[in-house]
Amino acid sequence: MSAVADEPAAGAGEKSHDRSTAAADRLLRMFARFVAIGYLCYFALLVPEILEASALVEWWWTPTAAVLMFGSGVALGFASFRGTVWMQRTATVNALAYAVMVALWFVAWNGTQIPQDQSLWFTAFPGLASLAAAVAWRPRRAFVHMILAVLLAQCANHLVRDAPFGYFLAPDLAFAFVFCTVFLAAAVVGLGTGRTLDETIAATQATAAAAAAAEARNAERARFDALVHDRVMSTLLAASRNAPRESLVEQAERAVAELDELRRGTDRESALDAAAVVARLRSAATEADEDVVFTGRVAPGSGDVAFPPEPARATAAALAEAVRNSVRHAGEDASRTVEVDVAPRWISVQVVDDGRGFEPDAVDPHRLGLEVSIRGRMRRLSGGRAVVQSAPGAGTRVLLYWRDPAA
C-alpha cells in the first residue's frame, strides 16, 4: 500500500484539490510539517555537538551532512505548501540523505575516539528521517529505512567510542528500534486512516451517484408508464368508443407531441405565474371532460410569484387522470367539479364527483391509473401528495396538493 494516494496527472508543483484524496493529503502535509519542525528543533539543540564532532571526520563530511540532513528536512516543511509531488520528492531526498551521509561517516572517520558516555549527533534522530521516508514511500520501505538508519547510526556510535564495539550495543539497538517504531507506526497508521477515509468517501459518493442514477431511471420509467396510460391508452380507448373526430385528433397529436418531447428531453419549461398554473389545470380538466365544472381561485399576492414548471405539470397530469377515472367509473349521470386554489408556494386541487364511488384500498396496486398516474406521480413530486377518498355509493373526492419544500 502506498504511503499516499496516487496523484492525478498534473504539473509537479500543482496542488491537489481532488476531494477523493483530501483527508490523506491533509495528513500528509501535517506529517511533513511535523518532520520539518523536528529538524529545526534538533538542529538548535545539536549545534554544539555538531561542531565538536567535526574533529572526528574529514573536513567535508560535517558541513555536507548538516546541509543535506537539516536543509532537506526544513525544506520538507516548505514543500508541504506546494503539493504532494513536491513533498514526496523532498522527503525522498531527506530519507536518502540521512542513510547515505551516515554510511559515508565510516569513510570520513579519522580514527579519533570519544568517551563511552558520549554519542554522535546524528544518532539522536534516525526515526525523524524514517518519518520523512513514510511521507514519500510505502510503509514497508519506510520500516526498512528505519532499520537501516538505526543500524548504521548505532554501529557508528559504538565504533567511535573508546569501549569494545559490542558493549551495550544490543540494548542501544533495542531502545532505538522501539523508540523509532512507535512514531513511525503512528505515522503509517495515521496516513492509512486518511486513505481509508478518502476511499470510504469516494465509495459512498459513487454509491450515491449510482442510486441517484437508478432513481432517475425509475422516475423516467414511471413517467413514461404514466404518459402511456394517460395519453396513448386514453386516446386508443377514446377511438374505440367513437369519440368526436376533432377531439380525438387533438388528443392523439398531444400524445405524440409529449412522447416526442420525452424522447428528446426537450420537455423543459420556464417558471409559471399563478394565472398560468390555473390555466394549465383548467386545460387538463376540460380536456378530460368538457362538461366538468371548474373553479379557479388565486390568493392575493400570488400574481407575481413564479411557480416551477414541474409541480404544475405533475399536478395537471394527475388532475386529468382523476377526471378521466371519474368519467369512466362514476357513472353516466355523475357530475364533476374541480376546485383549484393557488397561493404563494402551494397549489391545491380538489376533484369531486357524486358517482357510485369505490373502495380505494380494494384497488389493485398494479392498476396504473390510480397508483401510478395519481398517487405515484404526486408522491414523486417533492412536496406533493395525493389523497383519494371514496366509498361505494358516496361519490369520490381526490385531493392533489403541492407545497414548496423550501417554504
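A salt bridge, for this talk, is a side-chain nitrogen of Lys or Arg within 4 Å of a carboxyl oxygen of Asp or Glu. By that rule, the structure in front of you holds eight salt bridges. Please keep in mind that this is a predicted model.

I will start with the salt bridges, then go to the surface patches, the segments listed in UniProt, and a few single residues.

Side chains of opposite charge can pair when their charged atoms come close. One such pair here is Glu339 with Arg297, where the closest N and O atoms are 3.4 Å apart. This pair links distant parts of the chain: Glu339 is in strand β2, residues 336-343, while Arg297 is in strand β1, and 42 residues separate them. How accessible are the two partners? Glu339 has a relative accessible area of 32%, so it counts as partly exposed. Arg297 is also partly exposed, because its value is 37%. The pair does not stand alone, since Arg297, Glu339 and Asp341 are linked in a network of salt bridges.

Now please look at helix α9, residues 309-329. Arg313 and Glu310 both lie in this helix, three residues apart, about one turn. Their side chains meet in a salt bridge, with 2.5 Å from N to O. Is Arg313 buried or exposed? The limit for buried is under 20% relative accessible area; Arg313 has 18%, so it is buried. Glu310, with 34%, is partly exposed.

Further along helix α9 there is another pair, Glu321 and Arg324, again three residues apart, about one turn of the helix. These side chains form a salt bridge at 3.4 Å, N to O. Here Glu321 is buried, and Arg324 is buried too.

Next, the surface. Which residues gather in a patch of negative charge? They are Glu250, Glu253, Glu290 and Asp291. To find Asp291, go to the loop between α8, residues 274-288, and β1, residues 293-298. Asp291 has a relative accessible area of 67%, and it is therefore classed as exposed.

There is also a nonpolar surface patch, of about 530 Å². Phe175, Val178, Phe179, Val182 and Phe183 make it. Of these, Phe183 can be found in helix α6, which covers residues 169-240. Phe183 is at 42% relative accessibility, so it counts as partly exposed.

On to the record. In an unreviewed entry, UniProt lists residues 27-47, 59-79, 91-108, 120-137, 142-160 and 166-191 under "transmembrane region". I will take two of these spans. Residues 91-108 are 100% helix and 0% strand in the model, and the C-alpha atoms at the ends are 25 Å apart. Residues 142-160 are likewise 100% helix and 0% strand, with end C-alpha atoms 27 Å apart.

Two residues show how parts of the chain come together. Leu45 is placed in helix α1, residues 22-53. It is exposed, because its relative accessible area is 64%. Leu45 and Trp121 are 76 residues apart along the chain, and their C-alpha atoms are separated by 9.8 Å.

The other residue is Thr64, in helix α2, residues 61-79. Thr64 counts as partly exposed because its relative accessibility is 32%. What separates the C-alpha atoms of Thr64 and Ala97? The distance is 9.7 Å, for residues 33 apart along the chain.

Last, the backbone. Most residues other than glycine have a negative phi. Phe168, which is not a glycine, has a positive phi of about 60 degrees. Where does Phe168 lie? It is in the loop between α5, residues 139-160, and α6. At 48% relative accessible area, Phe168 is below the limit for exposed, which is over 50%. It is therefore partly exposed.

Arg345 is another case: its phi is near 75 degrees, a positive value in a residue other than glycine. Arg345 is found in the loop between β2 and β3, the latter being residues 346-353. Its relative accessible area is 40%, so Arg345 is partly exposed.

To recap, there are eight salt bridges, including the pair between Glu339 and Arg297 and the pairs within helix α9. The surface carries a patch of negative charge and a nonpolar patch. Phe168 and Arg345 have positive phi values. That is the end of the talk.

Definitions and conventions. Residues are numbered from 1 along each chain as its sequence is written. This is a predicted model: local features need pLDDT of at least 70, side-chain atom pairs count only at pLDDT 80 or more; totals for chains, interfaces and linings use all residues. Side-chain values use heavy atoms; hydrogens and water are left out. Patches are made of residues with over 30% relative accessible area and no salt bridge: like charges are joined within 9 Å, nonpolar side chains (Val, Leu, Ile, Met, Phe, Trp, Tyr) within 5 Å. Accessible areas come from the Shrake-Rupley method with a 1.4 Å probe; for residues, only the protein chains shown count as cover. Lys and Arg count as positive and Asp and Glu as negative; His and the chain ends are not counted. The place of a charge is taken as NZ of Lys, CZ of Arg, CG of Asp or CD of Glu. Helices (H or I, at least four residues) and strands (E, at least two) are DSSP runs, numbered from the N terminus. Buried means under 20% relative accessible area, exposed over 50%, partly exposed in between (1.4 Å probe, protein chains only). UniProt positions are given in the numbering used here, feature names are shortened, and annotations may be inferred rather than shown by experiment.
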